[in-house]
Protein chains: 2
Amino acid sequence: MTDGRTAQVHSGENLLFLTDEQLRQGIEAMFFAYRGFTADPDRILADMSYGRAHHRAIHFINRAPGTTVNNLLAILGVTKQSLNRVLRTLIADGLVESRVGNLDKRERHLYLTEAGHELEAQLSDAQRARMRAAFRDAGPEAVAGFRRVLEAMMDADMRRAYTRLRDTVG
Amino acid sequence: MTDGRTAQVHSGENLLFLTDEQLRQGIEAMFFAYRGFTADPDRILADMSYGRAHHRAIHFINRAPGTTVNNLLAILGVTKQSLNRVLRTLIADGLVESRVGNLDKRERHLYLTEAGHELEAQLSDAQRARMRAAFRDAGPEAVAGFRRVLEAMMDADMRRAYTRLRDTVG
DNA sequence: GAGTTTACGTCAGTCTTGTTGACATTCCAA
DNA sequence: TTGGAATGTCAACAAGACTGACGTAAACTC
(Lines give C-alpha, C1' and ligand atoms only; values in the text may rest on other atoms or scores of the structure.)
Protein backbone atom coordinates (compact mmCIF):
# COMPACT_ATOMS: atom_id res chain seq x y z
CA MET A 1 0.00 0.00 0.00
CA THR A 2 2.82 2.33 0.84
CA ASP A 3 5.03 0.94 -1.88
CA GLY A 4 6.44 3.74 -3.95
CA ARG A 5 7.27 1.46 -6.81
CA THR A 6 3.82 0.09 -7.61
CA ALA A 7 3.49 2.63 -10.37
CA GLN A 8 6.50 1.36 -12.19
CA VAL A 9 5.17 -2.15 -12.32
CA HIS A 10 2.79 -1.25 -15.11
CA SER A 11 5.18 -1.39 -17.99
CA GLY A 12 4.25 0.28 -21.22
CA GLU A 13 2.67 3.46 -19.92
CA ASN A 14 4.83 5.88 -18.00
CA LEU A 15 3.27 6.08 -14.59
CA LEU A 16 6.17 7.67 -12.78
CA PHE A 17 3.95 10.61 -11.91
CA LEU A 18 2.03 8.32 -9.56
CA THR A 19 4.89 7.47 -7.21
CA ASP A 20 4.40 8.11 -3.51
CA GLU A 21 6.99 10.86 -3.75
CA GLN A 22 5.05 12.64 -6.49
CA LEU A 23 1.85 12.24 -4.51
CA ARG A 24 3.44 13.65 -1.39
CA GLN A 25 4.65 16.65 -3.32
CA GLY A 26 1.13 17.14 -4.63
CA ILE A 27 -0.27 16.90 -1.11
CA GLU A 28 2.16 19.45 0.26
CA ALA A 29 1.67 21.79 -2.68
CA MET A 30 -2.06 21.64 -2.01
CA PHE A 31 -1.51 22.49 1.64
CA PHE A 32 0.71 25.48 1.01
CA ALA A 33 -1.28 26.75 -1.94
CA TYR A 34 -4.52 26.73 0.01
CA ARG A 35 -2.92 29.04 2.54
CA GLY A 36 -2.02 31.44 -0.23
CA PHE A 37 -5.48 31.05 -1.64
CA THR A 38 -7.16 32.33 1.52
CA ALA A 39 -4.46 34.71 2.76
CA ASP A 40 -5.59 37.91 1.04
CA PRO A 41 -9.30 37.80 1.90
CA ASP A 42 -8.37 36.71 5.43
CA ARG A 43 -6.35 39.87 5.87
CA ILE A 44 -9.27 42.04 4.79
CA LEU A 45 -11.72 40.16 7.00
CA ALA A 46 -9.49 40.36 10.06
CA ASP A 47 -9.97 44.13 10.19
CA MET A 48 -13.71 43.78 10.46
CA SER A 49 -14.78 41.18 12.99
CA TYR A 50 -15.46 38.65 10.26
CA GLY A 51 -13.84 35.35 9.40
CA ARG A 52 -13.52 32.93 6.56
CA ALA A 53 -17.00 31.59 7.25
CA HIS A 54 -18.50 34.98 6.45
CA HIS A 55 -16.52 35.12 3.24
CA ARG A 56 -17.82 31.76 2.09
CA ALA A 57 -21.42 32.72 2.81
CA ILE A 58 -21.06 36.03 1.00
CA HIS A 59 -19.38 34.38 -1.96
CA PHE A 60 -22.09 31.85 -2.57
CA ILE A 61 -24.99 34.22 -1.91
CA ASN A 62 -23.48 36.49 -4.54
CA ARG A 63 -22.97 33.52 -6.79
CA ALA A 64 -26.52 32.24 -6.51
CA PRO A 65 -28.72 35.15 -5.45
CA GLY A 66 -32.02 34.13 -3.94
CA THR A 67 -30.64 30.81 -2.75
CA THR A 68 -32.41 29.29 0.22
CA VAL A 69 -30.79 28.57 3.55
CA ASN A 70 -31.00 24.84 2.95
CA ASN A 71 -29.34 25.20 -0.42
CA LEU A 72 -26.49 27.19 1.03
CA LEU A 73 -26.10 24.60 3.76
CA ALA A 74 -25.60 21.86 1.19
CA ILE A 75 -23.02 23.88 -0.73
CA LEU A 76 -21.02 24.96 2.29
CA GLY A 77 -21.22 21.59 4.00
CA VAL A 78 -21.83 22.91 7.51
CA THR A 79 -24.65 22.61 10.00
CA LYS A 80 -27.50 25.09 10.04
CA GLN A 81 -26.52 26.21 13.53
CA SER A 82 -23.08 27.07 12.30
CA LEU A 83 -24.34 28.87 9.23
CA ASN A 84 -27.03 30.62 11.21
CA ARG A 85 -24.56 32.30 13.50
CA VAL A 86 -22.78 33.75 10.49
CA LEU A 87 -25.95 34.74 8.63
CA ARG A 88 -27.36 36.42 11.72
CA THR A 89 -24.42 38.79 11.96
CA LEU A 90 -24.39 39.46 8.22
CA ILE A 91 -28.09 40.31 8.26
CA ALA A 92 -27.74 42.41 11.42
CA ASP A 93 -24.89 44.34 9.79
CA GLY A 94 -26.97 44.96 6.68
CA LEU A 95 -24.85 42.98 4.25
CA VAL A 96 -27.39 40.25 3.53
CA GLU A 97 -31.14 40.39 3.10
CA SER A 98 -33.44 37.48 3.90
CA ARG A 99 -36.78 37.43 2.08
CA VAL A 100 -39.65 35.03 2.81
CA GLY A 101 -40.39 32.84 -0.21
CA ASN A 102 -43.39 33.53 -2.43
CA LEU A 103 -44.28 29.99 -3.37
CA ASP A 104 -43.09 28.37 -0.19
CA LYS A 105 -43.28 30.71 2.76
CA ARG A 106 -41.13 28.44 4.90
CA GLU A 107 -38.13 29.22 2.77
CA ARG A 108 -35.89 32.25 3.16
CA HIS A 109 -34.21 33.57 0.05
CA LEU A 110 -30.90 35.27 0.55
CA TYR A 111 -29.57 38.32 -1.29
CA LEU A 112 -26.63 40.66 -0.88
CA THR A 113 -27.46 44.28 -0.12
CA GLU A 114 -25.55 47.17 -1.68
CA ALA A 115 -23.06 47.05 1.20
CA GLY A 116 -22.85 43.29 0.83
CA HIS A 117 -21.94 43.61 -2.82
CA GLU A 118 -19.23 46.09 -1.94
CA LEU A 119 -17.57 43.74 0.53
CA GLU A 120 -17.97 40.83 -1.86
CA ALA A 121 -16.22 42.76 -4.60
CA GLN A 122 -13.42 43.72 -2.27
CA LEU A 123 -12.82 40.14 -1.17
CA SER A 124 -13.27 38.78 -4.66
CA ASP A 125 -10.83 41.23 -6.18
CA ALA A 126 -8.17 40.25 -3.69
CA GLN A 127 -8.63 36.55 -4.23
CA ARG A 128 -8.93 36.83 -8.00
CA ALA A 129 -5.80 38.94 -8.21
CA ARG A 130 -3.74 36.13 -6.78
CA MET A 131 -5.49 33.50 -8.85
CA ARG A 132 -5.02 35.61 -11.97
CA ALA A 133 -1.31 36.00 -11.29
CA ALA A 134 -0.96 32.28 -10.72
CA PHE A 135 -2.91 31.43 -13.87
CA ARG A 136 -0.90 33.87 -15.94
CA ASP A 137 2.41 32.56 -14.61
CA ALA A 138 1.43 28.98 -15.25
CA GLY A 139 -0.23 29.43 -18.65
CA PRO A 140 -3.44 28.08 -20.18
CA GLU A 141 -2.31 24.46 -20.52
CA ALA A 142 -1.37 24.33 -16.86
CA VAL A 143 -4.67 25.92 -15.88
CA ALA A 144 -6.59 23.25 -17.75
CA GLY A 145 -4.62 20.56 -15.93
CA PHE A 146 -5.11 22.30 -12.61
CA ARG A 147 -8.86 22.23 -13.14
CA ARG A 148 -8.87 18.61 -14.22
CA VAL A 149 -6.99 17.43 -11.16
CA LEU A 150 -9.10 19.50 -8.76
CA GLU A 151 -12.32 18.16 -10.21
CA ALA A 152 -11.05 14.61 -9.93
CA MET A 153 -10.20 15.26 -6.29
CA MET A 154 -13.72 16.30 -5.25
CA ASP A 155 -16.29 14.01 -3.69
CA ALA A 156 -19.20 13.04 -5.89
CA ASP A 157 -21.54 15.29 -3.89
CA MET A 158 -19.25 18.26 -4.13
CA ARG A 159 -18.70 17.74 -7.82
CA ARG A 160 -22.45 17.78 -8.28
CA ALA A 161 -22.81 20.99 -6.26
CA TYR A 162 -19.92 22.54 -8.11
CA THR A 163 -21.13 21.54 -11.53
CA ARG A 164 -24.60 22.80 -10.78
CA LEU A 165 -23.14 26.12 -9.65
CA ARG A 166 -20.73 26.35 -12.55
CA ASP A 167 -23.45 25.88 -15.10
CA THR A 168 -25.84 28.31 -13.45
CA VAL A 169 -26.49 31.34 -15.56
CA GLY A 170 -26.40 34.29 -13.19
CA MET B 1 -10.60 45.84 -11.51
CA THR B 2 -13.65 43.65 -11.77
CA ASP B 3 -13.78 43.89 -15.56
CA GLY B 4 -14.13 40.45 -17.04
CA ARG B 5 -12.94 41.60 -20.41
CA THR B 6 -9.52 42.95 -19.50
CA ALA B 7 -7.98 39.71 -20.64
CA GLN B 8 -9.33 40.05 -24.12
CA VAL B 9 -7.74 43.43 -24.61
CA HIS B 10 -4.35 41.84 -25.15
CA SER B 11 -4.72 40.83 -28.75
CA GLY B 12 -2.39 38.28 -30.19
CA GLU B 13 -2.19 35.84 -27.30
CA ASN B 14 -5.31 34.02 -26.26
CA LEU B 15 -5.92 35.14 -22.70
CA LEU B 16 -9.50 33.99 -22.42
CA PHE B 17 -8.46 31.70 -19.58
CA LEU B 18 -7.94 34.81 -17.44
CA THR B 19 -11.51 36.08 -17.51
CA ASP B 20 -13.23 36.72 -14.20
CA GLU B 21 -15.51 33.79 -14.95
CA GLN B 22 -12.58 31.43 -15.40
CA LEU B 23 -10.99 32.75 -12.22
CA ARG B 24 -14.18 32.25 -10.29
CA GLN B 25 -14.41 28.68 -11.48
CA GLY B 26 -10.84 28.16 -10.37
CA ILE B 27 -11.61 29.63 -6.96
CA GLU B 28 -14.64 27.43 -6.46
CA ALA B 29 -12.84 24.33 -7.71
CA MET B 30 -10.12 25.05 -5.17
CA PHE B 31 -12.68 25.37 -2.39
CA PHE B 32 -14.47 22.13 -3.17
CA ALA B 33 -11.31 20.19 -3.94
CA TYR B 34 -9.72 21.14 -0.64
CA ARG B 35 -12.68 19.62 1.14
CA GLY B 36 -12.12 16.38 -0.72
CA PHE B 37 -8.44 16.63 -0.03
CA THR B 38 -8.93 16.60 3.74
CA ALA B 39 -12.07 14.47 3.94
CA ASP B 40 -10.49 11.03 4.25
CA PRO B 41 -7.90 11.78 6.94
CA ASP B 42 -10.53 13.83 8.79
CA ARG B 43 -12.76 10.77 8.99
CA ILE B 44 -9.96 8.70 10.48
CA LEU B 45 -9.00 11.41 12.95
CA ALA B 46 -12.57 11.94 14.10
CA ASP B 47 -12.60 8.48 15.68
CA MET B 48 -9.65 9.31 17.87
CA SER B 49 -9.91 12.69 19.58
CA TYR B 50 -7.59 14.27 17.04
CA GLY B 51 -8.10 16.94 14.42
CA ARG B 52 -6.52 18.28 11.29
CA ALA B 53 -3.88 20.11 13.29
CA HIS B 54 -2.58 16.82 14.63
CA HIS B 55 -2.43 15.44 11.14
CA ARG B 56 -0.37 18.37 9.90
CA ALA B 57 2.07 18.09 12.78
CA ILE B 58 2.47 14.35 12.28
CA HIS B 59 2.93 14.79 8.55
CA PHE B 60 5.74 17.28 8.80
CA ILE B 61 7.50 15.57 11.70
CA ASN B 62 7.54 12.43 9.59
CA ARG B 63 8.70 14.48 6.65
CA ALA B 64 11.57 16.15 8.49
CA PRO B 65 12.48 13.99 11.50
CA GLY B 66 14.40 15.82 14.20
CA THR B 67 12.93 19.18 13.24
CA THR B 68 12.74 21.75 16.01
CA VAL B 69 9.55 23.28 17.29
CA ASN B 70 10.48 26.62 15.77
CA ASN B 71 11.09 25.02 12.42
CA LEU B 72 7.74 23.30 12.48
CA LEU B 73 6.11 26.58 13.46
CA ALA B 74 7.43 28.28 10.37
CA ILE B 75 6.20 25.49 8.12
CA LEU B 76 2.75 25.24 9.65
CA GLY B 77 2.25 28.98 9.95
CA VAL B 78 0.65 28.95 13.39
CA THR B 79 1.68 30.33 16.76
CA LYS B 80 3.93 28.26 18.97
CA GLN B 81 1.23 28.13 21.63
CA SER B 82 -1.20 26.61 19.18
CA LEU B 83 1.28 24.04 18.01
CA ASN B 84 2.31 23.28 21.56
CA ARG B 85 -1.14 22.15 22.60
CA VAL B 86 -1.20 19.69 19.73
CA LEU B 87 2.33 18.48 20.39
CA ARG B 88 1.60 18.03 24.07
CA THR B 89 -1.24 15.60 23.38
CA LEU B 90 0.77 13.76 20.75
CA ILE B 91 3.68 13.37 23.15
CA ALA B 92 1.39 12.37 26.01
CA ASP B 93 -0.21 9.74 23.79
CA GLY B 94 3.18 8.40 22.81
CA LEU B 95 3.03 9.26 19.12
CA VAL B 96 5.77 11.87 19.16
CA GLU B 97 9.04 12.04 21.03
CA SER B 98 10.68 15.32 22.01
CA ARG B 99 14.43 15.27 22.59
CA VAL B 100 16.39 18.16 24.05
CA GLY B 101 18.98 19.45 21.58
CA ASN B 102 22.62 18.57 22.01
CA LEU B 103 24.17 21.76 20.76
CA ASP B 104 21.42 24.07 21.88
CA LYS B 105 19.53 22.83 24.89
CA ARG B 106 16.71 25.28 24.32
CA GLU B 107 15.69 23.41 21.22
CA ARG B 108 13.47 20.34 21.18
CA HIS B 109 13.91 17.91 18.32
CA LEU B 110 10.80 16.03 17.30
CA TYR B 111 10.50 12.43 16.14
CA LEU B 112 7.65 10.03 15.51
CA THR B 113 7.52 6.94 17.70
CA GLU B 114 6.55 3.53 16.37
CA ALA B 115 2.89 4.28 17.10
CA GLY B 116 3.31 7.68 15.49
CA HIS B 117 4.59 6.12 12.32
CA GLU B 118 1.63 3.78 12.24
CA LEU B 119 -0.89 6.60 12.43
CA GLU B 120 1.07 8.62 9.91
CA ALA B 121 0.98 5.76 7.45
CA GLN B 122 -2.73 5.29 7.96
CA LEU B 123 -3.50 8.97 7.33
CA SER B 124 -1.04 9.18 4.48
CA ASP B 125 -2.43 6.15 2.74
CA ALA B 126 -5.94 7.57 2.85
CA GLN B 127 -4.90 10.94 1.51
CA ARG B 128 -2.58 9.51 -1.11
CA ALA B 129 -5.26 7.14 -2.34
CA ARG B 130 -7.48 10.02 -3.30
CA MET B 131 -4.63 12.03 -4.75
CA ARG B 132 -3.49 9.03 -6.74
CA ALA B 133 -6.98 8.48 -8.15
CA ALA B 134 -7.23 12.14 -9.08
CA PHE B 135 -3.78 12.13 -10.68
CA ARG B 136 -4.52 8.98 -12.65
CA ASP B 137 -7.87 10.30 -13.85
CA ALA B 138 -6.35 13.57 -14.94
CA GLY B 139 -3.14 12.24 -16.49
CA PRO B 140 0.48 13.36 -16.31
CA GLU B 141 0.09 16.55 -18.35
CA ALA B 142 -2.71 17.73 -16.10
CA VAL B 143 -0.68 16.88 -13.01
CA ALA B 144 2.21 18.99 -14.23
CA GLY B 145 -0.16 21.90 -14.79
CA PHE B 146 -1.78 21.36 -11.40
CA ARG B 147 1.63 21.63 -9.75
CA ARG B 148 2.60 24.70 -11.72
CA VAL B 149 -0.54 26.60 -10.78
CA LEU B 150 -0.32 25.63 -7.11
CA GLU B 151 3.26 26.75 -6.86
CA ALA B 152 2.41 30.05 -8.48
CA MET B 153 -0.36 30.52 -5.94
CA MET B 154 1.84 30.23 -2.85
CA ASP B 155 3.33 33.14 -0.98
CA ALA B 156 7.04 33.64 -1.36
CA ASP B 157 7.63 32.41 2.20
CA MET B 158 5.58 29.31 1.69
CA ARG B 159 7.25 28.54 -1.59
CA ARG B 160 10.57 28.75 0.16
CA ALA B 161 9.44 26.41 2.93
CA TYR B 162 7.93 24.05 0.40
CA THR B 163 10.94 24.01 -1.87
CA ARG B 164 13.23 23.44 1.07
CA LEU B 165 11.08 20.54 2.19
CA ARG B 166 10.70 19.12 -1.29
CA ASP B 167 14.42 19.02 -1.86
CA THR B 168 15.16 17.49 1.53
CA VAL B 169 16.53 14.02 1.24
CA GLY B 170 14.77 12.01 3.93
C1' DG C 1 -59.25 18.14 8.58
C1' DA C 2 -55.68 15.72 11.46
C1' DG C 3 -51.27 14.20 11.56
C1' DT C 4 -46.71 14.21 9.50
C1' DT C 5 -42.98 16.21 7.25
C1' DT C 6 -40.16 20.10 5.84
C1' DA C 7 -37.76 24.60 6.44
C1' DC C 8 -35.98 27.60 9.42
C1' DG C 9 -34.51 29.67 13.78
C1' DT C 10 -32.67 29.36 18.44
C1' DC C 11 -30.73 27.91 23.02
C1' DA C 12 -27.30 25.31 25.32
C1' DG C 13 -23.16 22.79 25.57
C1' DT C 14 -18.83 20.77 23.68
C1' DC C 15 -14.56 20.41 20.85
C1' DT C 16 -10.77 21.89 17.94
C1' DT C 17 -7.76 25.25 16.86
C1' DG C 18 -6.48 29.57 16.45
C1' DT C 19 -5.11 33.91 19.27
C1' DT C 20 -2.41 37.01 23.30
C1' DG C 21 -0.11 37.49 27.53
C1' DA C 22 2.97 36.01 31.10
C1' DC C 23 6.82 33.27 32.34
C1' DA C 24 11.01 29.94 32.70
C1' DT C 25 15.11 28.41 30.68
C1' DT C 26 19.05 28.69 27.84
C1' DC C 27 22.30 30.91 24.89
C1' DC C 28 25.12 34.62 23.39
C1' DA C 29 27.36 38.94 22.97
C1' DA C 30 28.71 43.40 24.85
C1' DT D 1 28.75 38.74 34.06
C1' DT D 2 24.86 40.58 32.89
C1' DG D 3 21.13 41.87 29.88
C1' DG D 4 18.82 40.77 25.74
C1' DA D 5 17.30 37.39 22.39
C1' DA D 6 15.64 32.87 21.38
C1' DT D 7 13.07 28.65 22.61
C1' DG D 8 9.55 26.54 24.62
C1' DT D 9 5.49 26.04 28.31
C1' DC D 10 1.25 27.36 30.86
C1' DA D 11 -3.21 29.93 31.14
C1' DA D 12 -7.07 32.24 29.41
C1' DC D 13 -9.90 33.50 25.66
C1' DA D 14 -12.37 33.71 20.87
C1' DA D 15 -13.97 31.89 16.43
C1' DG D 16 -16.19 28.45 14.31
C1' DA D 17 -17.27 23.93 13.82
C1' DC D 18 -20.31 20.17 16.05
C1' DT D 19 -24.57 17.67 18.49
C1' DG D 20 -28.99 17.65 20.71
C1' DA D 21 -33.39 19.56 21.88
C1' DC D 22 -37.09 22.49 21.05
C1' DG D 23 -40.45 25.80 18.74
C1' DT D 24 -42.99 27.73 14.85
C1' DA D 25 -44.93 28.01 10.59
C1' DA D 26 -46.02 26.20 6.25
C1' DA D 27 -46.71 22.38 3.16
C1' DC D 28 -47.97 17.86 2.22
C1' DT D 29 -50.59 13.37 2.76
C1' DC D 30 -53.95 10.31 3.89
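Which residue of chain B has a polar backbone atom 3.4 Å from a phosphate oxygen of DNA strand D? In this predicted model, the residue is Val69(B). Two further residues of chain B also approach phosphate oxygens of the strand: an N or O atom in the side chain of Asn70(B) is 2.4 Å from one, and a backbone N or O atom of Arg108(B) lies 2.8 Å from one. The elements that contribute two or more residues to the surface near DNA strand D come from both chains, namely helix 3 (52-63) and helix 5 (80-92) of chain A, and helix 4 (69-76) and helix 5 (80-92) of chain B.

The surroundings of the strand can now be viewed as a whole. DNA strand D is surrounded by 25 residues, and the closest are Arg56(A) and Thr79(A) from chain A, with Asn70(B), Lys80(B) and Asn84(B) from chain B. The surface near the strand comprises 11 charged, 10 polar and 4 nonpolar residues. On the DNA side, sugar or phosphate accounts for 62% of the strand D atoms within 4 Å of the protein, and the rest belong to bases.

Attention turns next to helix 2 of chain A. This helix covers residues 20-47, and its 28 residues, at 1.5 Å a residue, should span 40 Å; the end C-alpha atoms are 41 Å apart, which agrees with that expectation. Helix 2 of chain A nevertheless bends by about 40° at Ala39(A), with a proline, Pro41(A), following within four residues. Most of helix 2 of chain A is covered, as 20 of its 28 residues are buried.

How values were computed:
Residues numbered from 1 in each chain as written. Chains lettered and ligands numbered in written order. Predicted model: local features only at pLDDT ≥ 70, side-chain atom pairs only at ≥ 80, totals over all residues. Heavy atoms only, no water. Near = heavy atom within 4 Å. Polar contact = N/O pair within 3.5 Å; in protein donor to acceptor, adjacent residues only side chain to side chain. Nonpolar A, V, L, I, M, F, W, Y, C, P; charged D, E, K, R; others polar. Expected span 1.5 Å × (residues − 1). Bend = angle between axes of the 7 residues up to and from the residue. Buried < 20%, exposed > 50% of the residue type's maximum accessible area, 1.4 Å probe, protein only.
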